Amino acid sequence: MITVIKTVLSAALSGLLGLDAVQAGQFLLSRPAFVGPLLGWLNGCPLEGARLGILLELLYIDFIPVGGVVPPNGTAAAAVGVLAHSAGGLAPSLSFFLGLAAGRSYSYIEYQLRASRSPWNAVIEAQVAAGDIFLRRWLVKAMLIENAVMGAYVLAWAALAACISYLPGLSRLYPGTDFAYSLMPWLGLSGLYFRFRTQIYKKR
């Protein structure tokens, strides 16, 4: 019962932290390197949460939301990865790749959320033209929707992880996922190296 409560609270917290990406603040609280350790600590697996969050940060640090491009969501990836391990009982390696899939899939949902807010523009423009510049209700509405969707999404993936843990023969996948997981630090660091290398050459 305690695990279920922690999972629900963690999913709700993920929704709040996800708002920091665009809607509010931008204090980097939505980054995997913060979400992973925080949720890991809340769910009794701080080291795995930190490791998962840092690895996701290395992989996602080069994604930049430009124009209509919606990158994978690091908050969703880190939250699902941690909860798949702590609540779902999956191995850290499989939890990591489940988190990657969740982060990638959330970009489609985020795109739909942005599209659903587009009709608001005409209403807001008319409101401002009428001299009403108090737009807080629109901001609050957008934040509540984002929060609820992210929380429900993370919770659904945590439930999926719990179901996956009951699959027969699941442990046979772990040697392969463990090996792939062990390569992630090198993949992340190599991507980071080439990014900084490119930036250095630009400055010359």
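The following exercises, with worked solutions, treat a predicted model.

Local features require a pLDDT of at least 70 and side-chain atom pairs count only at pLDDT 80 or more, whereas totals for chains, interfaces and linings use all residues. Residues are numbered from 1 along each chain as its sequence is written, and side-chain values use heavy atoms, with hydrogens and water left out.

**Exercise 1. Overall architecture**

Task: State how many helices and strands the protein has, and what percentage of its residues count as buried.

Solution.
1. Helices (H or I, at least four residues) and strands (E, at least two) are DSSP runs, numbered from the N terminus.
2. The protein has 8 helices and 0 strands; the order from the N terminus is α-α-α-α-α-α-α-α.
3. Buried means under 20% relative accessible area, exposed over 50%, and partly exposed in between, with a 1.4 Å probe and protein chains only. Of the 204 residues, 39% count as buried.
4. Contact means heavy atoms within 4.5 Å. Among the contacts with a separation of 6 or more, 74% come from residues 24 or more positions apart.
5. Accessible areas come from the Shrake-Rupley method with a 1.4 Å probe, and for residues only the protein chains shown count as cover. The accessible surface of the protein is about 11,700 Å², and 70% of this belongs to carbon and sulfur atoms.

**Exercise 2. The surroundings of Thr 75**

Task: Determine whether Thr 75 is buried or exposed, and identify the backbone oxygen that its side chain reaches.

Solution.
1. Thr 75 lies in helix α4, residues 74-86.
2. Thr 75 counts as buried because its relative accessibility is 2%.
3. The side chain of Thr 75 reaches the backbone oxygen of Ser 30 at 2.6 Å.
4. With neighbours within four places in sequence left aside, Thr 75 is in contact with Ser 14, Gly 18, Ser 30, Val 35 and Met 150.

**Exercise 3. Arg 104 on helix α5**

Task: Find which residues Arg 104 touches, not counting residues up to four places away in sequence.

Solution.
1. Arg 104 belongs to helix α5, residues 92-117.
2. Its relative accessible area is 40%, so Arg 104 is partly exposed.
3. Under the stated exclusion, Arg 104 touches Tyr 60 and Pro 72.
4. The C-alpha atoms of Arg 104 and Asn 73 are separated by 6.5 Å, although these residues are 31 residues apart along the chain.

**Exercise 4. An aromatic cluster**

Task: Identify which residues form one aromatic cluster with Phe 96, and classify the pairs that Phe 96 forms with Phe 97 and Tyr 181.

Solution.
1. Rings of Phe, Tyr and Trp (its six-membered ring) pair if their centres lie within 6.5 Å; planes under 30 degrees apart count as stacked, over 60 as edge-to-face and the rest as tilted. The count by this rule is 4 aromatic pairs.
2. Phe 96 and Phe 97 form an edge-to-face pair, at 5.2 Å centre to centre with 80° between the planes.
3. Phe 96 and Tyr 181 form a tilted pair, at 5.1 Å centre to centre with 45° between the planes.
4. This second pair links distant parts of the chain: Phe 96 is in helix α5 and Tyr 181 in helix α8 (residues 174-203), 85 residues apart.
5. Phe 96 is buried because its relative accessible area is 0%, and Tyr 181 is buried at 4%. Phe 97, at 25%, is partly exposed.
6. Phe 96, Phe 97 and Tyr 181 thus form one aromatic cluster.

Conventions:
Polar contact = N/O pair within 3.5 Å; in protein donor to acceptor, adjacent residues only side chain to side chain.
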